[in-house]
Amino acid sequence: MRVDAGRLVVEPRSIDFGGPGFLSDAVGAAVRSLVTIEHSIEGLPEGLVLQDVAVQDDGFRASLSGEDVKLVP
């Protein structure tokens, strides 16, 4: 999981198709871009931008930054 231009990008590290390791690795590398998910984070206040994300045991942590951001209920 990473951030690219404010978008959350989820890219698998490996894809296992079974069979011989060299074949599974080659096919996995070829289709990795097809299963990569890019997602814009909706609902952020105007001026707030996603900067970084880190996966942890209990979920993930997001770092955001912005200027003149109004946080209201």
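This note goes through the strands, salt bridges, surface and backbone of the structure above, point by point.

1. Basis of the note. The structure is a predicted model, in which local features need pLDDT of at least 70 and side-chain atom pairs count only at pLDDT 80 or more, while totals for chains, interfaces and linings use all residues. Residues are numbered from 1 along each chain as its sequence is written, and side-chain values use heavy atoms, with hydrogens and water left out.

2. The three-stranded sheet. Three strands make up an open sheet in the order β1-β2-β3, with antiparallel pairing; strands here are DSSP runs (E, at least two residues), as helices are (H or I, at least four residues), and both are numbered from the N terminus. Two strands are said to pair if DSSP finds at least two bridges between them. The edge strands are β1 (2-4) and β3, each of which pairs on one side only. On average, neighbouring strands of this sheet are turned by 35 degrees against each other, direction ignored, where the axes are lines fitted to C-alpha atoms (for helices, over the stretch in contact) and angles run from 0 to 180 degrees between N-to-C directions. Between β2 and β3 the antiparallel pairing runs over four bridges, and valine 10 has isoleucine 37 as its bridge partner in β3.

3. The hairpin. Strand β4 (residues 48-56) pairs with strand β5 (residues 59-66) in the antiparallel sense, over eight bridges. The two strands are joined by a hairpin through two residues. Valine 55 has phenylalanine 60 as its bridge partner in β5.

4. Salt bridges. Side chains of opposite charge can pair when their charged atoms come close. With a salt bridge defined as a side-chain nitrogen of Lys or Arg within 4 Å of a carboxyl oxygen of Asp or Glu, the count comes to three salt bridges. In one of them, glutamate 38 meets arginine 7 at 3.6 Å, N to O; because glutamate 38 lies in strand β3 (residues 37-40) and arginine 7 in strand β2 (residues 7-10), the pair ties together parts that are 31 residues apart in sequence. Another joins aspartate 4 to arginine 2 at 4.0 Å, N to O, and in a further one the closest N and O atoms of aspartate 58 and arginine 61 are 2.9 Å apart.

5. Exposure of the charged partners. Buried is taken as under 20% relative accessible area, exposed as over 50%, and partly exposed as in between (1.4 Å probe, protein chains only). Aspartate 58 is exposed at 58%, whereas its partner arginine 61 is partly exposed at 42%. Glutamate 38 is partly exposed at 46%, and arginine 7 is partly exposed at 30%. Aspartate 4, at 41%, counts as partly exposed, and so does arginine 2, at 38%.

6. The nonpolar patch. Met1, Val10, Ile37, Val55 and Phe60 make a nonpolar surface patch of about 460 Å². Patches are made of residues with over 30% relative accessible area and no salt bridge, like charges being joined within 9 Å and nonpolar side chains (Val, Leu, Ile, Met, Phe, Trp, Tyr) within 5 Å; the accessible areas come from the Shrake-Rupley method with a 1.4 Å probe, and for residues only the protein chains shown count as cover. Phenylalanine 60, placed in strand β5, is partly exposed at 46% relative accessibility.

7. Positive phi values. Most residues other than glycine have a negative phi, and most peptide bonds are trans. Alanine 5, in the loop between β1 and β2, has a positive phi near 55 degrees and is exposed, with a relative accessible area of 77%. Aspartate 68, found in the segment after β5, also has a positive phi, of about 55 degrees, although it is not a glycine, and it is exposed at 78%.

8. Helix and C-terminal segment. Glycine 28 belongs to helix α1 (residues 21-31) and is buried, with a relative accessible area of 1%. From glycine 28 to arginine 7 the C-alpha separation is 24 Å, with their positions 21 residues apart in sequence. Lysine 70 lies in the segment after β5 and is exposed at 69%; its C-alpha atom is separated by 27 Å from that of valine 55, the two being 15 residues apart along the chain.
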